[in-house]
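Student: I would like a close look at a single part of this protein, with the surroundings described afterwards as far as they help. Please take it slowly and keep to what the model supports.

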Amino acid sequence: MVDDFDGKVVIVTGATSGIGFATALAFAEKGARLILSGRDAIDPVVSQCRAQGAEAFGISGDLREAELCRAIIAEAIGRFGTVDVLINNAGFGVSGGVETVDEEQLRAVWEVNFLGAFRLSRLVTPVMRQHGGGAILFTTALAGMYGMANAVAYSTSKAAIINLCKSMTMELSRDGITCNCVSPGPVDTPMLQEAIDVYGITCDGFRAASPTGRIATAQDVANALLFLSSGAARSINGHVLVVDNGMYAGMFTPRPA
């Protein structure tokens with residue numbers, strides 16, 4: 001069902017670790033041509049994608065810089081002539097509530113999580129329109145779908161992304177461009193460890209709150225992004241696909257023994 005990426009041009013941001021790394025490899029295995037971006041060293045993920053036989057190129061930098069967004073799109077156009085799929089995955093968070101969050105840190109989170117995705121989406125839209133359409137995806141979070149204490153920067157930026165996606169759906173659908181979100185719950189990545197350090201919730205605690213008794217892997221989220229980017233999902237548009245083992249279906253309470 002999702003084997004239609006041979007030769008497709010795919011951009012993945014936040015590709016140097018976690019969900020982004022797994023997503024880049026998933027597209028590489030399907031034969032996509034890749035432009036990968038991340039703040040950390042980009043060569044390891046590029047090398048692994050090339051080992052899968054994919055054409056892959058990387059750009060390191062901080063998405064707070066508008067010039068990086070322009071460079072990413074220019075790299076895709078320069079090397080491949082178009083963009084078929086944009087995966088807006090880059091993001092991070094800082095602790096702090098409405099009274100305690102540092103305003104400069106809040107701004108930095110918003111500039112990466114929201115403005116970086118907004119800029120890339122705006123830049124790629126005319127390219128996709130010119131070539132008959134495409135798919136724009138956003139990695140959001142459960143934190144953007146409900147209130148979360150001590151995470152005002154992260155949760156509000158992710159909530160804004162969800163509404164950006166829906167607004168873009170209303171504007172771009174007639175151009176053959178679909179826009180969707182994947183909203184993970186706890187995922188076994190380095191970012192989860194950061195949350196554990198801040199909130200003192202253990203992996204066992206997250207598992208206890210999950211109806212299935214497990215937490216997602218980066219590959220689970222990559223599979224969802226792969227599906228929503230594919231032709232099999234062409235009638236799914238403006239949607240938020242939750243990948244959380246059922247946690248959003250009910251209250252965050254331990255399941256019965």
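Is Cys165 buried or exposed, and what is its relative accessible area?

Tutor: This is a predicted model, and in it Cys165 is buried, with a relative accessible area of 0%. The cysteine sulfur closest to that of Cys165 belongs to Cys181, at 3.7 Å, and because a disulfide needs the two sulfur atoms within 2.5 Å, this separation is too far for a bond. Cys69 can be read in the same manner: its sulfur has its closest cysteine partner in Cys179, 16 Å away, and that is likewise too far for a bond. Cys69 is also buried, at a relative accessible area of 0%. A search of the whole structure accordingly reports 0 disulfides.

From the cysteines we can turn to empty space in the model. Rolling a probe the size of a water molecule over the atoms shows where empty space is left. Counting cavities of 30 Å³ or more gives 1, and the largest cavity has a volume of about 60 Å³. Its lining is made up of 14 residues, and those nearest its centre are Asn88, Asn89, Ala90, Asn113 and Ala117. At least two lining residues come from each of H4, S5 and H5, with H4 giving the largest share, 5 residues. In terms of chemical class, the lining of this cavity holds 7 nonpolar residues, 6 polar residues and 1 charged residue.

Strand S5 appears again in the second largest pocket, whose volume is about 230 Å³. That pocket is lined by 16 residues, and Gly134, Ala135, Ser229, Ser230 and Gly231 are the ones nearest its centre. The elements that contribute two or more residues to this lining are S5 and helix H8, which covers residues 218–229. Here the division by class is 5 nonpolar, 7 polar and 4 charged residues.

Between strand S5 (134–139) and helix H5 (152–172) runs a loop, and Asn150 is found in it. Asn150 has a phi near 65°, a positive value in a residue other than glycine, and its relative accessible area of 32% makes it partly exposed. A second asparagine, Asn245, has a positive phi of about 60° and is not a glycine either; it lies in the segment after strand S7 (240–243). Asn245, with a relative accessible area of 19%, is buried, because the limit for that class is under 20%.

The aromatic residues bring us to other parts of the chain and then back to H4. A pair of aromatic rings is described by the distance of the centres and the angle of the planes. Over the whole structure, 4 aromatic pairs are found. One of them joins Phe5 and Phe27 in an edge-to-face arrangement, with 5.0 Å from centre to centre and 80° between the planes. This pair links distant parts of the chain, since Phe5 sits in the segment before strand S1 (9–12) and Phe27 in helix H1 (residues 18–29), 22 residues apart. Phe5 is buried at 2% relative accessibility, and Phe27 is buried at 0%. Phe114 and Phe118 give another geometry: their ring centres are 6.3 Å apart and their planes meet at 5°, so this pair is stacked. Phe114 and Phe118 both belong to helix H4 (residues 103–130) and are separated by 4 residues, about one turn of the helix. Phe114 is buried, at a relative accessible area of 17%, whereas Phe118 is partly exposed, at 26%. Together with Trp110, Phe114 and Phe118 make up one aromatic cluster.

One more ring deserves mention for its charged neighbours. Phe57 has the charged end of Arg79 over its ring, 3.7 Å from the centre, and Arg50 also lies over the face of Phe57, at 5.2 Å from the ring centre.

To return to your starting point, Cys165 is a buried residue with a relative accessible area of 0%, and its sulfur lies 3.7 Å from that of Cys181, too far for a bond.

Key: Residues are numbered from 1 along each chain as its sequence is written. This is a predicted model: local features need pLDDT of at least 70, side-chain atom pairs count only at pLDDT 80 or more; totals for chains, interfaces and linings use all residues. Side-chain values use heavy atoms; hydrogens and water are left out. Buried means under 20% relative accessible area, exposed over 50%, partly exposed in between (1.4 Å probe, protein chains only). Rings of Phe, Tyr and Trp (its six-membered ring) pair if their centres lie within 6.5 Å; planes under 30 degrees apart count as stacked, over 60 as edge-to-face and the rest as tilted. A charge sits over a ring if NZ of Lys or CZ of Arg is within 6 Å of the ring centre and within 35 degrees of the ring normal. On a 1 Å grid over the protein atoms alone, a cavity is a set of points where a 1.4 Å probe fits but cannot get out, and a pocket is an open set with protein on both sides within 12 Å along at least five of seven lines; lining residues have an atom within 4 Å of a point. Grid points are joined across faces, edges and corners, and a volume is the space filled by probe spheres set on the points. Ala, Val, Leu, Ile, Met, Phe, Trp, Tyr, Cys and Pro count as nonpolar, Asp, Glu, Lys and Arg as charged, and the others, Gly among them, as polar.
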